[in-house]
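Thanks for coming, everyone. Let me put the model up on the screen and then walk you through a few spots in it.

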Amino acid sequence: MSVFDHSEFDNHEHVAFYHDKEAGLSAIIAVHNTNLGPALGGCRMWPYINSSEALTDVLRLSKGMTYKSAMANLELGGGKSVIIGDPRKAKTPEMMRAMGRFVDSLGGKYFTAEDSGIAVTDLQAMAEESPYIAGVNARYHYNGENADGNPAPSTAYGVFVGLRATVDYAMGRSLEGVSVAIQGMGHVGYRLAKHLHDAGATLFVTDIYPEGVERAVKEFGATAVAPEEIFTLNVDVIAPCALGAAINDESLPTIKAKVIAGAANNQLAREEMGELLREKGILYAPDYVINAGGVIDIFHQRMESSSDDALRAHLENIGTTLKEIYARSDEEGKATNRVANTMAEERFNRKG
């Protein structure tokens, strides 16, 4: 099947494939839209079943970054890259340097950064081969702490801000005593759990890897749950913080929560899921709006002049933007994801 005929193609500007046998690298870069500026989006390493699955993921993620940057009021476009392989077994420094050469081949049309399976040390290896690697050097932290280039703290804080705003809009209450089920205890999910714990929420957590779950149980008094049970719990909020398509035909009928607000990209298996959530009375925080903290962080790190306070204020605005979406959703009688899409398109098509 041609890339142009792919169901997720959606007028991408540039899709590139790269294979370096010696380095063991098979990767794809997708640039969706650069109307507002150069494309920025993280590099994900994942043991995809095949190249078709990887292509679908990178196309969906790339498009999401266009919408994410637009809704975060950034002069950036949307792009993404994926590496096919198990980051716990197959990753090598030479592979990362090869990935840097791949990014460099696009001549600045695309900047990469950290995503699932990629660490700051991996980005540093890529940066040996290209200047178009973001998240390597950092100066600002939303909480005034030492910044190491990892955008996960900002992503997690932005999701926390958005989840708090969504609970306030849907339930008219603070997070004290609110029950939250978190799917995924990685870099972002764990940090989100800490914010929620500090705010007085009751936590239920799961992950395919036990380390993060055990840590959350020990440090936050969270309840460990089997992965297949996380969406069936009688909780106030579900926070998907793993891979995409968590809200699908199988999980949707089991959801009892009033709010879905999490860090994962492409949480809805298909756009129509937003309408189904609305019909069930579930308030959905559009993923690319609530999880924009990472790209906001990277944007500020690349600014000549910013500050910890400016970064924090930008992250806090995620809650304001979500409430604007919810109000418009109620006024127009449309699903929140549809409203967010329209608002984003109004922004990035202005310079089309």
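So, start with R44 and D57: their side chains meet in a salt bridge, at 3.2 Å from N to O. By salt bridge I'm using a set cut-off, a side-chain nitrogen of Lys or Arg within 4 Å of a carboxyl oxygen of Asp or Glu. This pair links distant parts of the chain, with R44 in strand β4, residues 43–46, and D57 in helix α1, 13 residues apart. When I name helices and strands, those are DSSP runs numbered from the N terminus, with at least four residues of H or I for a helix and at least two of E for a strand.

Before I go on, a word on where this comes from: it's a predicted model, where local features need pLDDT of at least 70 and side-chain atom pairs count only at pLDDT 80 or more, while totals for chains, interfaces and linings use all residues. Residues are numbered from 1 along each chain as its sequence is written, and side-chain values use heavy atoms, with hydrogens and water left out.

Back to our pair. Are R44 and D57 buried or exposed? Both are buried. D57 counts as buried because its relative accessibility is 18%, and the scheme here is under 20% relative accessible area for buried, over 50% for exposed, and partly exposed in between, using a 1.4 Å probe and protein chains only. As for its place, D57 sits in α1, which covers residues 51–71. And what does D57 touch, leaving aside its neighbours within four places in sequence? It is in contact with R44, Y48 and V82, where contact means heavy atoms within 4.5 Å.

Now, that's one salt bridge, and a search of the whole structure finds 26. The general idea is that side chains of opposite charge can pair when their charged atoms come close. Let me show you a couple of others. R270 and D249 pair up at 3.0 Å, N to O. Here R270 is in the loop between β11 (259–260) and α7 (273–279), D249 is in the loop between β10 (237–240) and β11, and the two are 21 residues apart. R270 is partly exposed, with a relative accessible area of 34%.

Then there's E272 with R338, where the closest N and O atoms are 4.0 Å apart. E272 lies in the loop between β11 and α7 and R338 in helix α11, residues 336–348, so this pair ties together parts 66 residues apart in sequence. E272 is partly exposed at 40% relative accessible area, and R338 also counts as partly exposed, at 29%. And if you like networks, look for D20, E94, R97, R101 and E129, which salt bridges link together.

R97 brings us to the helices. Helix α2 (93–104) helps cover the buried residues of α3, and β4 is part of that cover too. Which residues of α3, residues 120–127, are buried? They are V120, D122, L123, A125 and M126. The axes of α2 and α3 come within 7 Å and cross at roughly 55°. Those axes are lines fitted to C-alpha atoms, for helices over the stretch in contact, and the angles run from 0 to 180 degrees between N-to-C directions. The two helices are therefore oblique to each other; under 35 degrees would be roughly parallel, over 145 roughly antiparallel, 65 to 115 roughly perpendicular, and the rest is oblique. On the α2 side the contact is made by P93, M96, R97, M99 and G100, and on the α3 side by D122, A125 and M126.

Another pair to find is α4 (residues 152–171) and α5 (residues 187–198): their axes come within 8 Å and cross at roughly 50°. That makes α4 oblique to α5. Residues in this contact include Y157, F160 and L163 from α4, and L192 and H195 from α5.

Last stop, the sheet. It's an open one, with 6 parallel strands in the order β9-β8-β7-β10-β11-β12; strands count as paired if DSSP finds at least two bridges between them. β9 (223–224) and β12 (283–284) stand at the edges with a single partner strand each, so one side of each has no neighbour in the sheet. Further in, 5 bridges join β7, residues 179–183, to β8, residues 202–206. One of the bridge partners to look for is T202 in β8, opposite S179.
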